[in-house]
Every structure is written in structure tokens, then in C-alpha cells.
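Me: Could you take a close look at one part of this structure with me? I am new to this, so please begin with a single residue and then move outward step by step.

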Amino acid sequence: MKVCSRQLSAILSMLFVIAMLAACGKEADIRPDYAATSPLSDAVQVEESESAKTWRSAKDAEPQLPGMEPAIESDSLRLYMNRSTAEMAVVDKYSGQVWYSNPPEPQTDQLSPYLAGKLLSQVSLVYLTHNGQTQEYDSYNDSVKHGQFEIEYADTHVTVTYRFGDPEKGIDSLPAKLSKQRFEEKLLQQLEDTDDQEQLLSRYRFNEAEQIYERREIPKVVVNKIVALFEKAGYTEEDLAYDQAEHGQDGGSGGSKPQYAVTLEYRLEGDQLVAFIDTRAIEGVSPHSRLHSIGLLDYFGAAGEQDEGYIFLPDGSGAIIDLNSPKSSGQPIMLSLYGEDQAISAEEKSTYLEASRMPVFGMKRQDAALFAIIEAGDGIARLAADVAGRLFPYHTVSAQFVVMPRDSIQLSRTEEMIKTPAQMYQGRLQVRYTLLNGDDADYSGMAAYYRSYLTQRYGLQKLDADSDTPFYLELVGGIMKEKNMLGFPYEALVPLTTAAQTTQLIDQLNERQVANIHVNFKGWFSGGLLHGFPAKIRLEQSVGSLDQWQKIDERLQRSGGALYPDVALAKVYRSSGGFSVSKQAAQYMSRKYTKIYPYNLATYRKDHHLPSYYLLSPNALEDVVGRFLKQYGKLELGAVSLRDLGSDLYSDFRRNGEVTREAAKHIVTEQVKRIGEQTGSVMVSGGNVYLLPYVKHILNAPQQSNAFQLASESVPFYQMVLHGYVDYAGKPFNVADDQNLRTNVLQAIEQSSSVYYSLIYEKPSILQDTHHDDLNSHYYEHWLDEAATAYAEVNNVLKAVRGQQMIRHRKRADGIYRMDYENGKFIIVNYGGSDAVIDGMTVKAGHYAVGG
């Protein structure tokens, strides 16, 4: 057939278009929404690194997976399933790397049959017995081993439905007591065979005094036979419930253990695996069979004792657990994301932990890594990590979800009861996994991936690269102090720093060449530092007038800074101003209101002599924010500092208005977004990542991990993710754990963190007879020169990398770290006591070197 040149041109054009469309379809994608039905074309696309592109160019190296069959695939990945065990494996089609849901060919010689089975599970459950005690299920021992599971394939996903629990009825299906009349009518008269009647009578003894039949101890081997006799007589679960209620027994579930049906779904989206469970579809949950927590893929990516690498956790700034030098004597790590739930009562507290503010974790093995992002249910999630040598010969890290929290209620000195909310969490538990290879397979690569994920999901914008770094100045205005008049005690507001004194401090800092000052001012309204209910705003004139604050704000903005008046919206220190405890305070499970007291460092118990606060119910936050913004807008101060919404996440167990932490997360996010839209600039403390799109400044960002015994080292993962997009600072230098200025300067440079000081103007003697002894070390004259010196040095280094991504952080030697930035700059910090030559540069002890 002849083809003319015009036809040939048209055909080639069409082929070119088809090829371009096919290429577009092969780009990596991330779906930010949780809806499983959203099209892939709507997914966020994460740009591949150069290292990843190198791996992608490798020849297809499909491995052989005995016992497994291909189920679904994307352009980058192929998912395999084992129909006999429900095990799953994901293969990177280009690099050939394989990640298994469970260790392949597991080492079980030293394990009991139960633990060997547990190692083969994909889902674990913890449920509560009738008295609130915890019991465990896992998907192998309590489902797969009994053949109680189903695997279904579809074009885009695979579902595995596990049915937990022994289907055979046990001893609990036999009533412990029956009345004489019911025993005879419901059982004996229904059994025609005298041998059956005698067998039943031998297992129940007659109590003449009470006219009831009582169950004897029944050997396990006989239980099934007696259960069969009850069924033969037509004895039903309704009969069991009636007899248990008549004799004051717990209802139970009718069987020896509760039975649940849980469906786990897998999807491949570009170069990611998405695994989720929808708790709304779980069957078998009832008041008598309460699910407490769900573990998802507990052994996915487990590393063996011979593997090299580490576990990554978002503990504080970040932490790694080295696989090559595990500390098996240490306790397993369990991290609650976003800190503790303050609505769970705790009478004692011995330690204060740095919160984990990012819902991620990872496992590095050799030249590959598995990185996970918890996309749904992170508000109720916790991370579990353990090393080989304790229960299993494997290193593991995974996500668990507390779908029904529990609390211990003290009834008397010797009695307590376990309470739970009325309903289990209803929604998705979803984790997105991505496979990293080559140079990307470390915590720097994980940070780069998460940064790209957040940037494209939320549309984050780079910071202005041409400006200086911020200098953060926290000032405390008024506090309440006890005074006495004619023998009568009363409280009066005492200014520690006024607006006029704030102006003087700014002048002194400017004279020392400190500009771009961002002032976080606390204690400016309605009772000072521990202010009244923020639904009403009353300026404390002895601290500063509106005219003074407006002039300070205008002045700061001219030099690149701003004034951030501070407000606590979640913590209610004073009930004045329209706050109703009964209507607006969150509640514990005991139905008491959540009044939070500080803990005594010596006794570890609550100190009722110190100032306390109520937790505002998340359900009341929208109304309070609306009332606050209405009044705050009239002041025309613009920016605002949120003292607590960036760090505190808690439930509300109010009987008719329960709020889970996951629901509270969404409520807080919406309100911070609303505040940002009206004020233009929001500063927060702590920096939970879900608020990242709506804040411009983060104070008290985590700088270290909690140094758990299993952990090997802290890493600045948090800072690597944020740098270039949000300004942040750690603790104030003058209240840092290490009061060595050199160490604080080096840490700020290593983490690309701004300089931050917290000061008062008045002398510390004014703090006598107050509850604010912690401010004794804040007197400005002690710190102003140091602050200027620290800022000059840190700013001189960091302004060269401002607005630039920190693309790599590496430990080059003990106490020596190198940070690389996307503009080619690099910084080497030496915390050690001697000079060192690193990468061809001499780095002096206690100093740094800049290159690139």
C-alpha cells in the first residue's frame, strides 16, 4: 500500500501525540485526598530526583517470588500476593528491589508456634474484655491459620478480608448459673435421650438453698460436647443473655472470644503503595467486644540481623536506630504522634517528652529504603519500633491506631474501672509507602520526598532568598501578683515589660545591628500572661495602649519584622469573660472537666498549688475563634501568635459531643486557616505539620529527639523538611537545655534555625510572691549583648542559604556534620574539641566552615 508524504506526516504526528500522552501517564503520582475513587490524573506528582532517574533507567530486573502471584501493577511497581498466607510483596520494576509484608523464609527456629505465626500477620488487633483488660489478635494465628480469610483482585486494588476469632463456641457460651425452672424447661425437657440428660446433670450441680443450677469446672476436652448438648436442646444466645442478666453476670459475646471481620485494601499509585482499613466497615464491634487498637503491616520491610541500615522515627527533630549496633536491652519505642492526649487523665508524670510532629517513619536496608506517610488516622496514631533480639530476630517499625482509647477511673483507694468512649473511631486508617533507592535511600532522601509531597499537596511557596533571617524576641508583658491591703489579699496585674520598654529594647537591638525582629508579645490583654477567656479582649493599659502597639508594629514592619500579639485559644486560664465550664470545657472519660495542673518535678504528681487551666472543647473552638477575630480585627494589629493550637491536640469525651483526636485535628486546622486568612500572618509554637500551609513562623520547634535507649542518634529531619518554606526557631537560647552559647550557635547553623530569646524588662525581684519563678533567667540586661552576637554570627551564615532546600545532612565524624543546600552551598559544623579536616576543608573546633 502506498502512503503519500502528507498521510505519512499525519501518521507520525498522531504517533508522537500518543507517545507524549503515554509518557505523561508514567510520571510518579501521589493522591492527596483519601477518596479511593479519585482519578490518578488528579494526584499530586512528586518530582523524581536524579538518583531515582538513574535507577529508573536500569533494565527491568523482575525477581522470582516463590508462592506468590502478580496481582496489580503501576508503571513503577508490581504487587504480588500469596493466596495461601495473605502475604504481600511489592517489587520496584526498575531496580528489582523487593519489600515484603512479612519476612520471607522467616527464622522461626527459636520462636514458639504462636510467635512464629504472629510474624506472618499483616493486621493486629487489641480488643477489650468486659472488664477493660486487653487481649490480642493477629491476622495469622486468629484468621489465616483457620482459613478464615478472602482475597479479591480488582483492576486497581486488592482486598484481603480477615475474620478474626475461633468460630467454635467455648466455655463462655455456657451459662454459669440457671434457675431450676429454666434448667429443666429449657434443657432437660428438650433432651429426650436420658444419656444426654445425665451428661448435662453431671456438669451442673444443684444448689438447694438458692434453687439454682451452677456450672462445675468443665475440662476443655468436654466443652465442645456440652455446647453441642445446649444447641441440641435449642438453647439460643438470647437464652444465654437472659440467664446471665438474671444472675448478675456480664453479657459477653456468646463465644469464648469476640469475632471481627476486617478488610485491608492495597492500591498502587505511581511509585507508591497505599494500604488502608476503613473502620466503618469492620464487623463484630459491639459494647461487649470493643476494639482498642489496630496495627497495620507490623512487619512490612522488617530487616534481618545481618542487614545494614537503620530505622527512622520522627521522634522530636528525628531519630535513627542503627541496625548494626542494636541495643536489645532497651525498651521498644512507642511514639504517640503529636504528643500526649491531655484528655486522658494522668495523675503522675515523671518525664516530659518532645512530641513527634510529623506522621512519617522509615526503614533503610543496604542501598534501599522504605518510607511511610500516615495520611489518614494520624491524629490517633502511634509508631512502634523494636530491634532484633528481643521477641523476633528482626528489626521492625510500623503504625498503630488507637481507635478506642481507654482510661482508668479510680472509684476508691482499692477499686478502679476501665472506661472507653461510646463509639469507636469511624474513618480511614491509611498509610502511603514509597520505595527509595541509591543515594535517596537515607533519611535525607526521606526528608526530600516528604518535603516534595507537602509542597505539591499544599502549594507551599519558597521564602524570600534576599532577606536576613528573622530574630525572634519573646517578651512577657503583665502577670498577676498577690498583694495585700489592710490584711486583705488580692491579685493585681504587674507589668514585666511595657510597650514603651519594648520600643527601648528594639532600639538597643537595632544599635547592635539586629534587624528583621519578630516580637512575640505575651500578656497584653485581659489579665496578662495567663489571660482571661479570649472571646473578649480588654487591653491592659498599664502594659500598652492600642496606639503604642500599632506604632511598634509599623516600626517593626519597616525593617522586615512584625509584632505578634500572643493568645491561648485552647487553654482557658480564667473562667471570666463568658467561659462556661459545663458547656465549653472538654471532659475526661470520667465526665470530669479537663482541668490541667503542672506536675511537681520531685513527686511527679499534679501540683494543685500552681496555676491550672481548662481545655476548651474542640467543638467550641469555632465559636471562640469567631468571637476573638471579631474583636481582634478592630485593633488592626494584623499578625497573631497562637500559643497552643500548634502544639496541643486532644480529645473530648463529653457524653453527647465526643471528639476524637483525628476530628480535633481537622477542627484546629480549619480554624488556624481561618485565622491566617483574616490576620495575614500566623506564628505558632510547636509546629504540628498539619498546620504547615497556614503558618509563617514556628517557635519551639523540636531540636533533638528524646534519646530513647534504643535510639542511636538525633537527626534534623524536621528542619530538613521545612527549611526554605517556613521560618522556625527552637527553644530560646537563654532557656535552652545547654547554656553554652557556642553549642547553641552551632546547633542553629546545623539546623538552619533562627536565633530566639525570651526576655523581660523589669528586674527579677519583681517575680517574688508570684508563680512565675521560671522567668527569673529572662532579665534582658543579662542577654542583650549575647543575643546580638549570636544573631550576627548565625545570620551571616544562614542568609546565604535562605529560601534554599537543605538537600542532605550527613555525619562526617563524631560531632561533625555536613549540610548541603540546593544552591550548591554547604556548611560543616564541628562540635568537637579539636580541629578536623573534612572534605578538604579545615574546620576549627567549636566552629564551622562554609563552602560551595
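Reply: Happy to! Let's begin with D386, which sits in strand β21, the stretch of residues 381-386. Keep in mind as we go that this is a predicted model.

Is D386 buried or exposed? Its relative accessibility is 13%, and buried means under 20%, so D386 counts as buried. Setting aside neighbours within four places in sequence, D386 is in contact with I311, P332, Y394, H395, T396 and L710. For a sense of distance, try finding A620 as well: D386 and A620 are 234 residues apart in sequence, and their C-alpha atoms are 40 Å apart in space.

One of the contacts of D386 is T396, so let's step across to that residue. T396 belongs to strand β22, which covers residues 394-402. With a relative accessibility of 11%, T396 counts as buried. Which residues does T396 touch, apart from its neighbours within four places in sequence? They are D298, Y299, A302, I311, M363, A384, A385 and D386. Notice that I311 appears among the contacts of D386 and among those of T396.

Now let's turn to a pair of helices. Helix α12 holds residues 618-635 and helix α13 holds residues 661-679. Two packed helices are described by the angle between their axes and the distance between those axes. Here the angle is about 10° and the axes are 10 Å apart. Angles under 35 degrees count as roughly parallel, and α12 and α13 are therefore roughly parallel to each other. To see where they meet, look on α12 for residues including L621, V625, L629 and Y632. On the α13 side, the residues that meet α12 include A664, I667, V668 and I675.

While you are on α13, find K665 and E662, which form a salt bridge with their closest N and O atoms 3.2 Å apart. The two residues are 3 apart in helix α13, so about one helical turn separates them. Both K665 and E662 are buried. There is also a network in which salt bridges that share partners join R810, R812, R818, D820 and D839.

Side chains of opposite charge can pair when their charged atoms come close. How many salt bridges does a search of the whole structure find? The search finds 42. One links R83 and E69, whose side chains meet at 2.7 Å, N to O. R83 lies in the loop between β2 and β3, while E69 is in strand β1, so this pair ties together parts that are 14 residues apart in sequence. R83 is partly exposed, at 43% relative accessibility, and E69 is partly exposed too, at 28%.

Another salt bridge joins R574 and E491, with the closest N and O atoms 3.8 Å apart. R574 is in the loop between β31 and α11, and E491 is in strand β28, so this pair ties together parts that are 83 residues apart in sequence. R574 is partly exposed, with a relative accessible area of 24%, and E491 is partly exposed at 44%.

Let's finish on the surface. M485, L486, F488 and Y490 form a nonpolar patch there, with about 510 Å² of accessible area together. M485 is in strand β27, residues 478-485. At 51% relative accessibility, M485 counts as exposed, whereas D386, where we began, counts as buried.

Note on methods:
Residues are numbered from 1 along each chain as its sequence is written. This is a predicted model: local features need pLDDT of at least 70, side-chain atom pairs count only at pLDDT 80 or more; totals for chains, interfaces and linings use all residues. Side-chain values use heavy atoms; hydrogens and water are left out. Patches are made of residues with over 30% relative accessible area and no salt bridge: like charges are joined within 9 Å, nonpolar side chains (Val, Leu, Ile, Met, Phe, Trp, Tyr) within 5 Å. Accessible areas come from the Shrake-Rupley method with a 1.4 Å probe; for residues, only the protein chains shown count as cover. A salt bridge is a side-chain nitrogen of Lys or Arg within 4 Å of a carboxyl oxygen of Asp or Glu. Helices (H or I, at least four residues) and strands (E, at least two) are DSSP runs, numbered from the N terminus. Buried means under 20% relative accessible area, exposed over 50%, partly exposed in between (1.4 Å probe, protein chains only). Axes are lines fitted to C-alpha atoms, for helices over the stretch in contact, and angles run from 0 to 180 degrees between N-to-C directions. Angles under 35 degrees count as roughly parallel, over 145 as roughly antiparallel, 65 to 115 as roughly perpendicular and the rest as oblique. Contact means heavy atoms within 4.5 Å.
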